[in-house]
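I wanted to look up how aromatic rings meet one another in this structure, and where charged side chains sit over them. My entries follow.

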Amino acid sequence: MFLFTAASQVPQVLPFSHSEEMSSTVYHLFEASDRKIWMGTDDGLYCWTGTELKRYYNANFLYEYSSIQEDEQGRIWCLNFSSQLFYLENDSLKLFYDLKDFVSTIFSYSVSHFPKVYITSDSGLLQFDFKSKELSFPLQMEGDSLLLNANDKELRGVFFTNRLISDEHDLFFKHRNSIYRYTNKGKLRLETAINIVGNRKHIPWKSIQLFASDQSVLVINSYKDKVGVWSELKFNSSKRTDSSTFHVVDEDILSYFFDEDNHWCGTNRGIHLFDNEFNKVYDDGILEGEQVSFILKDKEGVVWVSTLRNGVFQIPSSLVLSIKNEADYELSSMLSVEKQGIYFFTEQGLVLQNKGKGLEVIGDIKDNTEGAYFNSFRKELGFAQTSSGYSFLSKSTTKNPFYLDTKSISFIEKGIALVSGSGGVQIRLFEKEKSARLTALKLTHETSINFVKADYFLVNLRGQRSQFNFYDRQDTSAYVSFMDGLFVYSNFEEKEIRYKGNAILASSLVGAKRGGILCSTVEGELLHIDYPKVELIGTFNFGIKKLIDLDKMIYLSSNKGILKYERATKAKDWIKTSDGLPSNRIVDIAYYKDSIYALTSNGLAVFSVDYSYKNTIAPLVGIQAISVNDKDRLVLDRYELSYEKNTIELSYTGVANRSRGSFNFLYRLNGLDSTWRLRSSTEKTVRFNALPPGVYEFQLKVRNEDGVESVLESVQFYIDQAYYQKWWFYSLMVILIVFLVSGVFLIRIRVLNRRNALIADKKEIEKQLSLSQLTALRSQMNPHFIFNALNSIQDYIINNNKELASDYLGLFADLMRKYLLFSNREEISLEEEVESLQMYLDLEQVRFEDSLQCELKLDPKLDVVGTKLPVMLVQPFVENALKHGLLHKKKNRLLKVEFKKRNKGMEILIQDNGVGRAASAQINKLRNKSHQSFASSAIQQRVELLNKQRSFHISIQYSDLEDQFGKAEGTLVRIRLEK
């Protein structure tokens, strides 16, 4: 094991990150089998689960808890200072036994032989049975004259080891200056193999203490200024170590811990660390001034320290040491100088070195330095500040413009330096010899020195802002990083170095052990450049701030810690707070004498370059709670859920104490997505909403800071299908669909049949309507009408009234032409209907020899062109009025036809002053008719056919007109067309 022995350096001590949540007075620490850390305080029993801190107490009793143990069932036990023993079950702290009526003081207890519980007290050794809670006194003696029994007062002062010992091991306790073993066979015997150092009469028995590790019991004596190690007794063996003593400066031992490497002695003034030969490892104590009540080293190697005033601390590693900074200087940077040590610089301009008991001020440059450099030719420190430069030599500071505006500097030879700054890159010369000037000129493409300033020459290479440079003495080349790329200067030439065709934007640059340079880029690439060769060393997912090249090993600083990178194997080893760094945010790093100095935002640490402390202990992981549809369930390995219970939430925990919270959870839900999802240690729940039916397996693991993973924790979920997703439901649906489709087809066939019937009916109606129209047409073209018309024309011709004969014949011909034209149409306009009706009445007036007076009126509100009527709708009614009403009257024949506008359509009035319908019926019975008119039944039939086929409705109303004496005065026909 590597130990850094500088007096001013001790292991880094970090406060437990949740100390502010608990009492500052902590009596005892205990690591359970599940690696949870239990803490007994004056304010209750606390448990660090790995991600959170929980508090337990029993409100009915005082809760100053100590002496924490674990039984074989995993129950946690503790003791308070009022002789009451408790155990934790179902997340509740329960009283096991209140012993204040039996004893005054409990010294110790053991549950290692559970269900038997042993208690040592001022009244002797007691045995309790956990189930029956029966009390007994089981001690027997053999091979010794001193008889110890239930009432023997000599047992006062018995002290048990307070560490768990497995059932197959014995119990050890001390009585005065003797050590006793209580065997697993229920026997008690004196351990004669253990001898007390010195004269027993001069060593008070109260100074003897027992401390146990997992394999042995250590018996020590603390008396005055000495701590004597009497013996280390192995379990199931009589072997013991040699007795020896070591000096402690008059401090009371409160706690003790030992392992294979060291002895940790906790006192009322801090911790003293000794090796196996009891040599003090550090001259200074750890946690000086603290009352250390207990020391615990967990399974991951983290040392936990409880104190009586300031809570709990952690020591992640004894290999990473902190450097004391008692004056609390604000360190800003470091500079390693071979054979001289490490220089430290502060924000206030102080220069310090690590000497004696800590950091010592060796100089003051009065202002914060932007850069510090060591000029090996002049043996001086150079400083660049905001507006000036300084030289520091032998604690003396002088102003020196040579270091003005310096971001990086490479000393080429005496009096020549390559300087990078905000104004560009320059070659500065203090010496005026020709050799120096020629050396400088070889690095530039310029042919002459530009100008001379003060007492040195100045050559400008390039005016672009520059951050880093390095002069390779081996091939006399200069590498310079600019804001727009990386360039090399050699033999009067300037060449840009590119990688994969792209400019190289450097984040840091150092000389490489193998020649050339190591360069990290802003993209996270690490390159080895020995121009013209460019080699990729590795790619990293963090910003590299500074490099240290040790050939086989490369150290990279960042805001995530320090990465130790092995060049050949590409193995990575992070050094972080989990290893003892004060902070992961690295301000600067330096190398000196096989050690790495790390300046962090929270302090200064140092560790050996051989440091390798990979945490190979796998973390623990566990599922704590499961809820289904927001209702908590018992945590089981498998769940069978109905289809509607498909929202699952899981809560889990992980234990990786050394990680200090930087571990990660990885989970996936096989059956939904096989991709591993990454979550931080603070994200301890995951929820899956509305999962479809299927079989799922939730898998969970923890990965610590070094990539070591825990065992896999898993739980299965079977979500049943909904009833409508099962085979029988599909079968039922198929049958139902068949029936439905069959029904639809039957209904469709019935609808088609009905439609076909309607089409047939329509065709029949159209046929009958056509026949009725022909009938109406024929009625207008009956022989009697034609005969009368032709006779009238003949009379006009005989009477040599040729003009009237010609007009009448033309009118007759026009009317016949219209009727023939109308026979091919279903509808005509109102204008055409009125026009043909007027022609018909004109011809009939000739027939009635001017004894017929006709009046035809048209409502001006009617649209005569847009209003459509069935062909020959009005004419049959006019014919009937003439043939059956007015024909039988001798004189004063009057016929009125009127077309009126109505809200929903039109009304047609046909009125005559004939003999009336009754008289006309009597006359028709007596006459032998030679012409059959268009009868009322035919008219009604045609109207019914039209109503079935048209969007408007036609209604006919007949009214018999009478005078005041009841004598017939004619007939009124009312025809309504409504939409």
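**Charges over rings**

I began with the charged side chains, keeping in mind that this is a predicted model. Arg462 turned up over the face of Phe482, and I noted a distance of 4.6 Å from the ring centre. I then looked up Lys701, whose charged end is placed over the ring of Trp676 at 4.2 Å from the centre of that ring.

**Ring against ring**

I next searched the whole structure for aromatic pairs, and the search returned 33 of them. Among them I picked out Phe16 and Trp48, which meet edge-to-face, with 5.2 Å centre to centre and 85° between the planes. This pair links distant parts of the chain, since Phe16 belongs to the loop between β2 (14-15) and β3 (26-31), while Trp48 belongs to strand β5 (residues 44-48), 32 residues apart. I checked the accessibility of these two residues as well, and both Phe16 and Trp48 are buried.

I then turned to Trp77 and Phe114, an edge-to-face pair for which I wrote down 6.2 Å centre to centre and 65° between the planes. Here too the pair links distant parts of the chain: Trp77 lies in strand β8 (residues 76-80) and Phe114 in the loop between β11 (106-110) and β12 (116-121), with the two residues 37 residues apart. Trp77 is buried, and Phe114 is buried as well.

**A cluster**

Which residues form one aromatic cluster with Trp77 and Phe114? I found that Tyr87, Phe96, Tyr97, Phe128 and Phe130 join Trp77 and Phe114 in that cluster.

Conventions:
Residues numbered from 1 in each chain as written. Predicted model: local features only at pLDDT ≥ 70, side-chain atom pairs only at ≥ 80, totals over all residues. Heavy atoms only, no water. Phe/Tyr/Trp six-rings, centres within 6.5 Å; stacked < 30°, edge-to-face > 60°. Helix = DSSP H or I, 4+ residues; strand = E, 2+ residues; numbered from the N terminus. Buried < 20%, exposed > 50% of the residue type's maximum accessible area, 1.4 Å probe, protein only. Lys NZ or Arg CZ within 6 Å of the ring centre and 35° of its normal.
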